[in-house]
Structures are given as structure tokens and as C-alpha cells.
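Visitor: Please give me a close look at the surroundings of the ligand. I'm new to this, so take it slowly and explain the terms as you go.

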Amino acid sequence: MQRLTGRLGGLAYGGDYNPEQWDEQVWKEDDLLMRRAGVNLATVGVFSWALLEPEEGRFDFGWLDAQLDRLHGNGVAVDLATPTASPPPWFTLAHPEAMPVTADGTRLTHGSRDTYCLASPAYRRAAVRIASALAERYGTHPAVAMWHIHNEYATVCWCEQSAAAFRSWLRARYGTLDALNDSWGTAFWSQRYGSWEQITPPRATQWHHNPGHTLDFRRFWSDEALAAYREQRDAIRAHSGLPVTTNLMLPGYQVLDLWRFGREVDFVGIDHYPDAPGTDAAADTAFGADRARSFGGGKPWLLIEQGASTVYAGDRTLGKQPGEMLRHSLGHIARGSEGALFFQWRQSRAGAELWHSAMVPHAGADTRIFREAAALGEAVARLGELAGSTVRAQAAVLHDADSWWALDTRGLPSAELDYPGSLRRAHRTLWDAGVTTDFAHPEDDLSRYRLVVAPALYLLSDAGAEALHRYVEGGGTLLVQHFCGAVDERHHARLGGYPAGPLRTALGIRGEEYRPLAAGETVALSDGSTGTVWSESLRCEGAEPVLSYASGMLAGQPALTRHGFGRGTGWYLSTRLGDPGYAALMARLLEDAGAAPEVAGLPEGVEAVRRHGEDGRSWLFLINHGGQPARITVAGLDLLTGAEAGPDGLHLPAGGAAVLRTVD
Ligand code: GLA
């Protein structure tokens, strides 16, 4: 990353650039407008396969040579993409077996994008061939500053080639069919496999799938995508020493194990489009950004795509409010992004995404959107000095792909067990409390966090249970929420009481019986608050009850417990508290754990996050998402305005933002 920001002389600003959709006159205007907007990085070639390789094995680089030279001449560096997310029609016709097949057996064809099976040998060969050809030609081109592999690895396939690759993966994982049968529990429903060939991807079937089967297929597919990424990355590295990454999908998609991807990219890159307007969009931005930083082990990362004026809200896109482009971009940069890029530079006039927003809208440069894009470019340029600085979090929310996948299984006791929703809620509650939060894997060393929350850790490995035990014993404060640690990594129930053994000891409880609540049912708790979704019959084995059930069959039994264990404290919450109760619990835990907000006593709607440099300097981002002006007692030089926040503090207008340079 340092190599990229060093080359750019600061943070990155720009977006996807698709000059092949336009003519020379527009290119000339692009040059001018990119200068006006302070664009220094353009992502080129993401969907250019059909132009770069018009026939199998015949390359045409002439147009790209000209575009890269032009961009370079205009002072814009290039994030050069491999175009493998959208194979051209000739590819389908030459390799029909490489087209993806859905779980119900429908074979898809070209006409959209992402029409390939990642496990298809023909596709993989074609992808590496074009990646190698690009790297060979442009590996030392002066315009190119980084490599962008593929686009949002996410497409899953259930075809015969996927089946063959799945079987190889299973053989490597289990060695013998007996081990596989044991792991999947195939003694149930007469599912025993007598040969490897009998195993298929979990295609459409009569009722519930085997949960071990579906979990392993998701693990396999993530590994397959990672292998496809690595092949292209290594092909590029043979010709270029520049950083290589890919743009990871939005937080709602969990096709990949992003902890593993985070280890294979030179820096993490994400796409992020908020899924709701207003303050929810700001919280969602923080959610996406904190994930990105965490998957990269805390190192600086890059926001590769966002919408200039788009918030996805269910069945429609809503326009961003004036100033939101700046606030969202700063929200990402505050949490470790080394810049802000968009999809895309110029709004397309044709094609499937012609109504997707862009930095230069259909109406041209004389628009609010372009003026805001240009102002943002200026703001990003003023922040160059904080490149390389990092974010320190006091709290962590546990995040594990296996748990998400396992909880995404049909046939669990309640359909309201919502993995992404539970994670978002825990993160949002900490965000509302002004506390900077990481995500962490349950098997990590968590000792640097004062508070760790496990909102939906349904599946927990033995190693994870031991790590959490160690964390509490060593002095940490841990909150474990309902139905956590109920199954092991094979999706087998934990026997002898929930959750997993070593975690049970740290929490001082034994879960005996789970009692999901009916849709809309609430259960009263001893302090007058209520729980929904879930309840559990718990026995305290060392823990003290903090709240108990006040109604229903579990009346008098513990609902929330606290256990001093070693030097730390393990809390267990066996129901889903209402929002006020959950916020109050989190506030109590933060206080007990000694975790403080970045700036105490902030007015509602003001977000504060700090980036720390190695030289003792730090940069405090203050973003006012609310509708009221705010006065905040902080001092420092605001990089955005060049003004010093004086003794009576900083005045932040409604919707305003400041980035104060301070000394730690
Ligand atoms: C993704 C893709 C882009 C574009 C945007 C639209 O992030 O990578 O190609 O489709 O979504 O929001």
C-alpha cells in the first residue's frame, strides 16, 4: 500500500474508468474533468475482455496502449484490472461446459456478466492467459500503479466440473470416505456415501440438505475462488512487482472466507454501497470499513468502489443527500482506507447499469454531483499526510465465515437466527456508543481488546472455544449471545450442555434447553426489559444471574449471567434484548471493561474516529451526520479548512466534517 500512496503522493482518488464506452471528444473532456476533480487513480479494464481478446488467443492491446498513455500524460495513475468477471460471447460458444449451472440444474449463458464456472479448467486457463498477457505487456508501463484482479468474486456453480473439484477438495480434507461419512453424519437419513463419485454439490433436493455437506461446499467454493485469485496473482507477479488485490464484495455477501482472502492480497480492497439512507448509511459505512480493516489485519486498505449518489434501499436506489459523498468517503478514510474510489467515473449512456450514479452524471459537469465530486477530490488531496496511519480499536465483534454459513442452514430451531443482522446490531450499538470496533476471528489472540462481543457464533471450533477461554482468563470482558458455540466445526451439536466446553467454563454456565420464541412473542425480564426470538434454560455453574426471566416457562431462571473468571469476566445473554436494553448492557460492559469512546460526550449523530501515525501524530475525524450544528471541545488543525480549532472548540455545522491533526 505504501508503494501506491508513495507513488500517488498521498491518498487515492478516482474510480472505474471505461473509456471504451466513449469517443475521442469525451476522452478529451475526461482529461479536463479529471484534472478539475483531482483524480489521481483510475481503475481500467474491469469489463474489457471482449475488446482485449476479440477471438480466443488473439489480443488487441492497441486501444489500451493509447488509453494508458493518455491517462499517464494527464497525471492519472492506473489500477489495471484483469477482465475475467465477464467472458466474451466467443468464450461461451467455445466452452459451453464452462457456463455456470444453478442449484436447480439450469445452465446459464452469456448476456449478462459473471457467466463462468470458477472451477472450470477452460475458464481458469483463459483467465490466467489474459492476466499473463496484460502483465507481460503492462508490467512496467509507467501509468500502472497497481493490479486489480477480477471483480467481486461471488458467483457459485453447481455443475459437473464444480462437482469434480469438490470431490478432490473433499478427498484432500478427509482422506477416506469413512471420515467424510462420519463428519457429515450420513448415518442420518440413509445418506452414506459408498464412493466419491456419488457425492455432488448440494443441488436442489427434496427437503433439508445435510448441514455438513452444505457447509463443506461453501468452504470448498471459497477455497476455489481463492485458488483462482492466486493463479492470476502469481501470473501477474511473474511480470510486475506492483501491489495486487481484488475488490471484495459488499458485507451482505458471504461467498468467501474473507479472513483467508485478506492474507493473500497485498492490501484489502472493498466495494461498499450503503443499504439504507441517513444515519443508517453512516453506520453501514463504518460496518463495511471496520470489516475491511480487520480482514487486512489492521493495515491500511482501499475503498475501490462506492456510488457517487446511490444508496440501495431494497427495491430502489435513493439519491445521496448533499454532502453525503464527502461524509461517506471520510467515514471510510477515517477507518483506514487510503483513499476513495467510485464505480464509476462517467455514467454510462447504455448497458445494464446506465442508471447507476457516477462522478460525471449524464447531465455533465455542470451538476451538483460533479461539483461535490470535485470538492471531495480537493478534500482527499488535503489528507495526504495521514497515508500509512492506522486505527486502534478497543472492542471487537467476532466474525467467522463458518458460523455464518452454518447459521444459514435450513432446519435450525428458529428462522430468526440472523447472522449478518446480529453482527450489524452489535457493531451498530458500539458505533452509537462512539467506540471504535474491529472484527476478529474467534481463534485470534484477542488480548488487545478490552471488550469482545460474540453475537452469532453458532459454530465454534475447539480452538476457538479455547481462545475465548484464554481471553477471559487473561483479563478480557466477553459477551456471548444466545445459541453461540452450539455446534463444532463439523456442524455436530456440542454434547453435555451448551456452549462448547472451555467456553462454558469461562462463562460459568451450562445451557440445558433452547426455547425459541414464537414470531412476535416477547418474554419479560426481571428489570422490566424484554427479550424476543430466543430463550434458554440455563444453569449457573459459577456465574451469577444478572437478569432472570420474569414470565413464561422459564420464569425465575437466569437470562443474563456474569462470571468473574481468572482476571476477566464472561457474560452470557440467552435472549435477544430489545434495543434500549441491549444498548444499556453494552454501555455497562464498556464501562466495566474500561473501553471509552473516541471523544466523550459527543452530540448525537457526530462520529469520531482517530488514525494514528508512527511519529506520535494522530488525526481525529469528526463527522456530523445529524441535522443540528455541534460544538465539540477538541483542539487541533483542521486539514480540510486549514483552520485551527481554538480554545472554545470546533464548530461543526449540520452535515459538516473536520479532520484535526493532533499530537498523541
Ligand atoms: C459492483 C460492481 C460494479 C457495479 C456496481 C454497481 O460493485 O463491481 O461493476 O456493478 O456494483 O453498484
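Guide: Around the ligand you'll find F47, R113, N151, E152, N247, D271, Y273, E305, Y312, F343, E353 and H356; a residue counts as near a molecule if one of its heavy atoms lies within 4 Å of it. Keep in mind that this is a predicted model, where local features need pLDDT of at least 70 and side-chain atom pairs count only at pLDDT 80 or more, while totals for chains, interfaces and linings use all residues. Residues are numbered from 1 along each chain as its sequence is written, and side-chain values use heavy atoms, with hydrogens and water left out.

Sorted by class, that shell holds four nonpolar, three polar and five charged residues. Here Ala, Val, Leu, Ile, Met, Phe, Trp, Tyr, Cys and Pro count as nonpolar, Asp, Glu, Lys and Arg as charged, and the others, Gly among them, as polar. Now look for polar contacts, meaning pairs of N or O atoms within 3.5 Å. The side chain of E152 puts an N or O atom 2.7 Å from an oxygen atom of the ligand. For E353 the distance from a side-chain N or O atom to a ligand oxygen is 2.6 Å, and for a polar side-chain atom of E305 it is 2.4 Å. On its own the ligand has 300 Å² of accessible area, and the protein covers 95% of it; such areas come from the Shrake-Rupley method with a 1.4 Å probe.

Let's follow E305 into the chain. Strand β8 (residues 301–305) pairs in the parallel sense with β7 (residues 269–271) over three bridges, and I270 has L303 as its bridge partner in β8. Strands here are DSSP runs of E with at least two residues, helices are runs of H or I with at least four, and both are numbered from the N terminus. Two strands pair if DSSP finds at least two bridges between them.

Both strands belong to an open, parallel sheet of nine strands in the order β5-β4-β3-β2-β1-β11-β8-β7-β6. At its edges are β5 (244–245) and β6 (247–248), each pairing on one side only.

Helices lie across this sheet too. Helix α6 (residues 121–138) lies across β3 (77–81) and β4 (144–148), at about 170 degrees to β4. Helix α13 (residues 368–382) lies across β1 (12–17) and β11 (337–342), at about 140 degrees to β1. Contact means heavy atoms within 4.5 Å; axes are lines fitted to C-alpha atoms, for helices over the stretch in contact, and angles run from 0 to 180 degrees between N-to-C directions.

Finally, go back to F343, another residue around the ligand. A cis peptide bond joins F343 to Q344, with omega about -5 degrees, and Q344 sits in the loop between β11 and α13. There's another cis peptide bond between Y498 and P499, with omega about -15 degrees. P499 is in the loop between β16 (477–481) and α17 (501–507). H491 is also placed between β16 and α17, and has a positive phi of about 70 degrees although it is not a glycine.

Notes. A polar contact is a pair of N or O atoms within 3.5 Å; within protein, one must be able to donate a hydrogen and the other to accept it, and residues adjacent in sequence count only if both atoms are side-chain atoms.
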